[in-house]
Amino acid sequence: MHLYHWLLLGGLLIIAALAGYAWYLWRRVWRQRADQQAQQDQRNARLAGDIQFIAQSLVNGQVPMIEGSIRLKVLLDNYAGPRREGLTLEVFTEVYDQTAHIPTHEAWKQLSAAERKLHLRLMDTIERDHQQQVQQAARQLADGLH
């Protein structure tokens, strides 16, 4: 065999080895994507269950309207799964936005009585203004997202 044939054979072996390595890497990528999709699907299923549970609790009056709305808004922001057409959920964002400035937990305890009373009045107004919409949206979610 001539040097040319040896070089050609060596080149073909290198190409075959690189093609095999590329195939191996692509299979890893496909497997990782499938694993990530499975994790995302599991996460969405868990979030969908949590959303449905809180919505049902809101409908049954087991959770305060503002707290339930805030929790649902945060869960919906993290949910990336399928949604039924016609869901009207903007009210949760409205309630969230209107209450975002109100201190919580330890900061609430540090407010003066007058400041707390002012915030409680605002929360009463928000509840009164959005009660019907929140109940309607919660009923939709209690039936499931899809």
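This is a selection-by-selection tour of a predicted model, starting with the annotated stretches and then moving to the helix packing around α5.

**Annotated stretches**

Select residues 6–26. UniProt, in an unreviewed entry, places the feature "transmembrane region" here. In the model this stretch is 100% helix and 0% strand, and its end C-alpha atoms lie 30 Å apart.

Widen the selection to residues 15–141, which UniProt lists, again in an unreviewed entry, as "domain: DUF2489". Over residues 15–141 the chain is 81% helix and 0% strand. The C-alpha atoms at the two ends of that range are 56 Å apart.

**An aromatic pair in α1**

The structure holds three aromatic pairs. To see one of them, show the side chains of Y21 and Y24, whose rings are stacked. The ring centres are 6.3 Å apart, with 25° between the planes. Y21 and Y24 both belong to helix α1, and because they are three residues apart, about one helical turn separates them.

**α1 against α5**

Now select helix α1 (residues 3–59) together with helix α5 (residues 113–142). Two packed helices are described by the angle between their axes and the distance between the axes. For α1 and α5 the angle is about 135° and the axes are 8 Å apart. The two helices are therefore oblique to each other, and α1 passes α5 in a left-handed crossing.

Display the residues in contact:
- from α1: I51, Q52, A55, Q56, L58 and V59
- from α5: V134, Q135, A138, R139, L141 and A142

By class, the contact of α1 with α5 comprises eight nonpolar, three polar and one charged residues.

**α2 against α5**

Keep α5 and swap α1 for helix α2, residues 65–78. Here the packing angle is about 50°, and the axes are 9 Å apart. That angle makes α2 oblique to α5. The crossing of α2 past α5 is left-handed.

The side of α2 in this contact consists of M65, I66, S69, L72 and L76. On α5, select M123, I126, E127, H130, Q131, V134 and L141. Eight of the residues in the contact of α2 with α5 are nonpolar, three are polar and one is charged.

**α3 against α5**

Finally, select helix α3 (residues 90–99) with α5. Their axes come within 9 Å and cross at roughly 155°. How do α3 and α5 run relative to each other, roughly parallel or roughly antiparallel? They are roughly antiparallel, as the crossing angle is over 145°. α3 passes α5 in a left-handed crossing.

From α3, show V91, F92, E94, V95, Q98 and T99. They meet L122, I126, H130, Q133, V134, A137, A138 and L141 in α5. This contact of α3 with α5 divides into nine nonpolar, four polar and one charged residues.

**Last selection**

End on V134 and L141 of α5. Both take part in the contact with α1, in the contact with α2 and in the contact with α3. I126 and H130 of α5 can be added, as residues that meet α2 and α3.

Methods
Residues numbered from 1 in each chain as written. Predicted model: local features only at pLDDT ≥ 70, side-chain atom pairs only at ≥ 80, totals over all residues. Heavy atoms only, no water. Axes fitted to C-alpha atoms, helices over the stretch in contact; angles between N-to-C directions. Helix = DSSP H or I, 4+ residues; strand = E, 2+ residues; numbered from the N terminus. Parallel < 35°, antiparallel > 145°, perpendicular 65-115°, else oblique. Left-handed = near helix turned anticlockwise from the far one by under 90°. Contact = heavy atoms within 4.5 Å. Nonpolar A, V, L, I, M, F, W, Y, C, P; charged D, E, K, R; others polar. UniProt positions renumbered as here; feature names shortened; annotations may be inferred. Phe/Tyr/Trp six-rings, centres within 6.5 Å; stacked < 30°, edge-to-face > 60°.
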